[in-house]
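Good morning, colleagues. Please take a moment to look at the structure on the screen before I begin.

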Amino acid sequence: MIAPMRILVIEDDAGVASFIVGGLKEAGHTVDHSADGKEGLILATTGNYDALIVDRMLPNVDGLTVVRTLRASDITTPALILSALGEVDDKVKGLRAGADDYIGKPFAFAELMARLEAITRRPAREGSDEITEIQVGDLHVNLLSREVRRAGQSIDLQPREFRLLEYLMRNKDQVVTRTMLLENVWDYHFDPQTNVIDVHISRLRRKIDKDFEPPLIHTVRGAGYRLSESA
Amino acid sequence: MGVFGASALVLIGVVWWTTVGYLEQQTNATIEAQVTGLVEQYRQRGKRGLEALIRERIAVSTGVPTVYLFADRDLKPLAGNLDTWPAGEADAEGWYNFSRLGEDGRRISVRGQVFVLSDGRHLLVAQDQSRLEATRSLINEAFLWALGGGLLLALAGGFLMSYSVMRRIEAINRASREIMTGRLQSRMPVRGINDEFDQLSENLNAMLDRIDSLIEGVKSVADNIAHDLRTPLTRLRGRLENLTARPGLDEELRGELTSAMTEADHLLATFRALLRIARIESDTNEREWSDVDLHPLLQDAWELYQAVGEEKEIVVHLGTASGRLRGDRDLLFQALCNLLDNAIKYSGAGSEVLLDTTASGDTIDITVADRGPGVPAAERDKVLSRFYRSASVTGIPGSGLGLSLVSAIAQHHGGRLVLTDNNPGLRATLHLPALPPAEATPVVELAFAGAIP
């Protein structure tokens, strides 16, 4: 569970808004809601929020403009864009406008939480690309040489397995959903709804966890996976 | 057509009979009238008077040549335009048929009446039948032509009529078959001439529209239910999650809570899939479409699923993976995933699955073929509808939405999902409109011919 946050939800669809606001409040967060782009933008610039959830289509000022305006005024509050189904185009536009992630409707609440967690815990933007080595416990991954070692022992990974591990390592201690994995490791955007990702995780587990203690890849029931030193 | 022909035949027969009969009657009447007139003259003016009248009549005779012969008791001619009394016998009514030599040497048939006068002298008045016969044969000929022509017209008309009827029925049949194969937007042809066929088509179309709107209604109700139940269900799931996180919970209870949470997840997943199908079906937006190269798409799908197959000792083969089409890359990939997932799910250990493409003309077929139990022919259309699961797979978990989603994605791309027998197993084929193969980017060589001033 993540620490309580102050979150602003800008969403004009009453049903979706109450679904998100209710869920976030139940998870212990403080939530403000606005159904209007202009009002939302004012709140976002004046209020001190830990994260923003912004719908793509909004009255008066659309979601992308809200994020773009915030970024132009050097407000770096992590922002998650919500969009109608399958509009991959929106993802690209959203990220280009300065959003930190994108989620298509309809989404599971666990998915929203995992992504929110990912963007709020993400290390400061600057310098994040310079990471060349990530370490979790006794597992070392060199992103340049693509070398993987655990307890000093070299582990041989297929290219896709390496990308999977890299993504889990970059988001260490955070829950990543199956959809996030499919999106970031395979670059396809949809909710897999099958055990296909689990199979690839279990292959990776066999290589990095099977002969070592303690296990690093944890299954988070009903959400996804977490790579972490502690259970 | 037979009735039409028969009635034409009867009509022509009656007209023939009356026309020819009328001509005969007219001849008879003329002769009878002449005989009556001459007999009257004889009675009043005697032998001399009759002879004079006959001569006069012969002199002024025009039109149909008439034969007059006045003879004594021994049939010796007294006056008239015939040299001898013709051979032959008169019938009971005094009608006499004979022939005489014409001017051109041909024998001409003659018909007339013999009247025996009170003093035993004979009077014969007759008319040439040649004109009558000519007329009769003319009429016969005309009627034969009319009959032949009429029959021919009747045949042609009948054929044309039944042909146009058959053609219009066939058009309606064709439209029905189209609708049955899933093109629900097809309608019966209407010619705009408002005949019985147009009315039939219009009624059928009105019926189809009504069915369409009912189906739409049912669909939107289902989708609204899915949409509205998602929020409370998500809350329920959240509560369960909070409960499982509570410290000091005994393990058995935690297990129960976890499985309840899994159930809620299944429900949410089903609702999500249902909503996604609804969105794909109603979405005619092609904004996210791009030119999709099938090679990397199939390669990725194969890579993703061969690992799943390996777990079950199923080998997933990748055949030809080429072709290009216009579409939504993510949706197409999801369709492939669902098909591969099914193929592996329903296949036994040691089995094989083939992912392949075949291009033909302007379509591209993406096939996923397995050696599993297959789908009975009667159920192949049904398994594409939402929530339908074949009775033969009740033991295997599934939502009954996977193939519906694939089918919706195929239709979204102007194509079709077709299930056929793989003898044994199932062969699921996505028929999709293809793009022409990518043109090789021409290699541009920059050649500088001489110095540019």
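Which residue in β4(B) does B:Ser99 stand opposite? The residue opposite B:Ser99 is B:Ser109. I should say at once that this is a predicted model.

Let me place that pair in its setting. Strand β3 of chain B covers residues 95–101, and strand β4 of chain B covers residues 107–116. The two strands pair in the antiparallel sense, over seven bridges. Strand β4(B) also pairs with strand β5 of chain B, residues 122–128, again in the antiparallel sense and over seven bridges. Within that second pairing, B:Gly112 of β4(B) faces B:Ala126 of β5(B). Five residues lie between the strands in the hairpin of β4(B) and β5(B), and B:Gly120 there adopts a positive phi near 90 degrees.

I turn now to the two chains as wholes. Chain A contains eight helices and 12 strands, while chain B contains seven helices and 12 strands. Of the 231 residues in chain A, 44% are buried; of the 453 residues in chain B, 25% are buried. Considering contacts between residues at least 6 apart in sequence, 56% of those in chain A join residues at least 24 apart. The corresponding figure in chain B is 60%.

How many residues does each chain give to the contact between them? Chain B gives 32 residues and chain A gives 29. On the side of chain B, the elements that supply two or more residues are α3, α4 (251–282), α5 (294–311) and α6 (329–345). Helix α4(B) provides the largest share, namely 10 residues. By class, this side of chain B has 12 nonpolar, five polar and 15 charged residues.

Finally, I would draw attention to one pair of helices across the two chains. Two packed helices are described by the angle between their axes and the distance between the axes. The axes of helix α1 of chain A, residues 14–26, and helix α3 of chain B, residues 196–244, come within 10 Å and cross at roughly 10 degrees. Because angles under 35 degrees count as roughly parallel, α1(A) is roughly parallel to α3(B). From α1(A), the residues making the contact are A:Gly15, A:Ser18, A:Phe19, A:Gly22, A:Gly23 and A:Glu26. From α3(B), they are B:Thr231, B:Thr234, B:Arg235 and B:Gly238. By class, the contact of these two helices comprises one nonpolar, seven polar and two charged residues.

Thank you for your attention.

Terms used: Residues numbered from 1 in each chain as written. Chains lettered and ligands numbered in written order. Predicted model: local features only at pLDDT ≥ 70, side-chain atom pairs only at ≥ 80, totals over all residues. Pairing = 2+ DSSP bridges. Helix = DSSP H or I, 4+ residues; strand = E, 2+ residues; numbered from the N terminus. Buried ≥ 20, exposed ≤ 12 C-beta atoms within 10 Å, placed from the backbone. Contact = placed C-beta atoms within 7 Å. Axes fitted to C-alpha atoms, helices over the stretch in contact; angles between N-to-C directions. Parallel < 35°, antiparallel > 145°, perpendicular 65-115°, else oblique. Nonpolar A, V, L, I, M, F, W, Y, C, P; charged D, E, K, R; others polar.
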